[in-house]
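Me: I would like a close look at a single part of this model, followed outward into its surroundings. Please take it step by step and keep the reasoning visible.

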Amino acid sequence: MLIEIYKLLLQFFGKQYWWPAETKDEIIIGAILTQNTSWQNVEKAIFNLKKEGFCNLCKIREIPLEDIQQLIKPAGFYKQKSVYLKEIARFFENFDENTDTLQFRKMLLNVKGIGFETADSILLYAFSRPVFVIDAYTIRLLKRKKLFESSKYEEVQSFFMQNLPKDVELFKEYHALIVKLAKTYCRKNPYCTECPIKCA
């Protein structure tokens, strides 16, 4: 069923080309900034960072916290997110990218401000590790389609990873397509009659 839904979404919406970023560092920064805000706001904050030449982890490590705060204000919660950016920048300073995925994930989850969704977004989109990203949109979709009852992050993630091919590009595209569906049809007040997967 999951793969059928994926095929229907891909046919209807087409490729989403997500994550929209020019560098690995930009993806990591974006994954922190997108917490509790819209991507539109993140784009404004990233634009500010780029304009000043600070949209990389090396610069984030160097510049004062107050400077980061001013630049990322559009993304909201800028005081705590500036701290999280400093922490993740320090984490990657001497990080060995050959670290296996399970250990990498555990290490990320020990960084201040990094939860499951942020860690997995970094793993999947910045490092092309085969982990499926779960968000509120994913859980909403599963419940409405009566495919899976649990709302626990790791249980929902296991459901996807056990029922899909272990394919990084598929994981990236599927997550992006679910977000697209949730923003257009599977909203809090859904448009079920027009939904591209209503018959799936």
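With which residue does R105 form a salt bridge, and how far apart are the closest N and O atoms?

Reply: This is a predicted model, and what follows should be read with that in mind. R105 forms its salt bridge with D120, and the closest N and O atoms of the two are 2.7 Å apart. Because R105 belongs to helix α7 and D120 to helix α8, the pair ties together parts of the chain that are 15 residues apart in sequence. Both partners are buried: R105 has a relative accessible area of 10%, which is under the 20% cut-off, and D120 has a relative accessible area of 0%.

The R105–D120 pair belongs to a set of 7 salt bridges found in a search of the whole structure. Another of them links E22 to K50, with 3.5 Å between the closest N and O atoms; since E22 sits in the loop between α1 (2-13) and α2 while K50 is part of helix α3 (residues 39-51), this pair ties together parts that are 28 residues apart in sequence. K50 also forms a salt bridge with E26, where the closest N and O atoms are 3.1 Å apart, and because E26 lies in helix α2, that contact ties together parts 24 residues apart in sequence. The three residues differ in their exposure: E22 counts as exposed at 67% relative accessibility, K50 is partly exposed with a relative accessible area of 34%, and E26 counts as buried at 5%. R105 and D120, for their part, are both buried, at 10% and 0%. Salt bridges that share partners join E22, E26 and K50 into one network.

The loop that follows α8 offers a useful counterpoint to the R105–D120 pair. R129, found in the loop between α8 (116-127) and α9 (136-144), is buried yet has no salt bridge, and the nearest side chain of opposite charge, that of D100, is 6.4 Å away. That distance does not meet the salt-bridge criterion, because a side-chain nitrogen must come within 4 Å of a carboxyl oxygen. The side chain of R129 does make a polar contact of 3.0 Å with the side chain of T101. Leaving aside residues up to four places away in sequence, R129 touches E97, T99, D100, T101, F104, L123, L124 and V168. S128, in the same stretch between α8 and α9, has a phi near 50°, a positive value in a residue other than glycine, and counts as partly exposed at 36% relative accessibility.

Helices α7 and α8 also take part in the packing of other helices. In α6, the buried residues are K81, S82, Y84, L85, K86, I88, A89 and F91, and they pack against α2 (24-33), α4 (57-62), α5 (65-72), α7 (101-109) and α8. The geometry of α6 (residues 78-91) can be checked as well: at 1.5 Å a residue its 14 residues should span 20 Å, which agrees with the 20 Å between its end C-alpha atoms. In helix α10 (residues 153-162), Y153, V156, Q157, F159 and F160 are buried; seen down the axis of α10, these residues fall within an arc of 155°, so they line one face of the helix. What covers them includes α1, α7, α8, α9 and α11 (168-184).

Finally, the loop between α1 and α2, where E22 lies, contains backbone features that deserve a careful look. Most residues other than glycine have a negative phi, and most peptide bonds are trans. Y17, which is found in that loop, has a phi near 50°, a positive value in a residue other than glycine, and is exposed, with a relative accessible area of 66%. The peptide bond from W18 to W19 is cis, with omega near 25°, and W19 too lies in the loop between α1 and α2.

Technical notes: Residues numbered from 1 in each chain as written. Predicted model: local features only at pLDDT ≥ 70, side-chain atom pairs only at ≥ 80, totals over all residues. Heavy atoms only, no water. Helix = DSSP H or I, 4+ residues; strand = E, 2+ residues; numbered from the N terminus. Buried < 20%, exposed > 50% of the residue type's maximum accessible area, 1.4 Å probe, protein only. Lys, Arg positive; Asp, Glu negative; His and termini not counted. Polar contact = N/O pair within 3.5 Å; in protein donor to acceptor, adjacent residues only side chain to side chain. Contact = heavy atoms within 4.5 Å. Expected span 1.5 Å × (residues − 1). Arc of directions from axis to C-beta.
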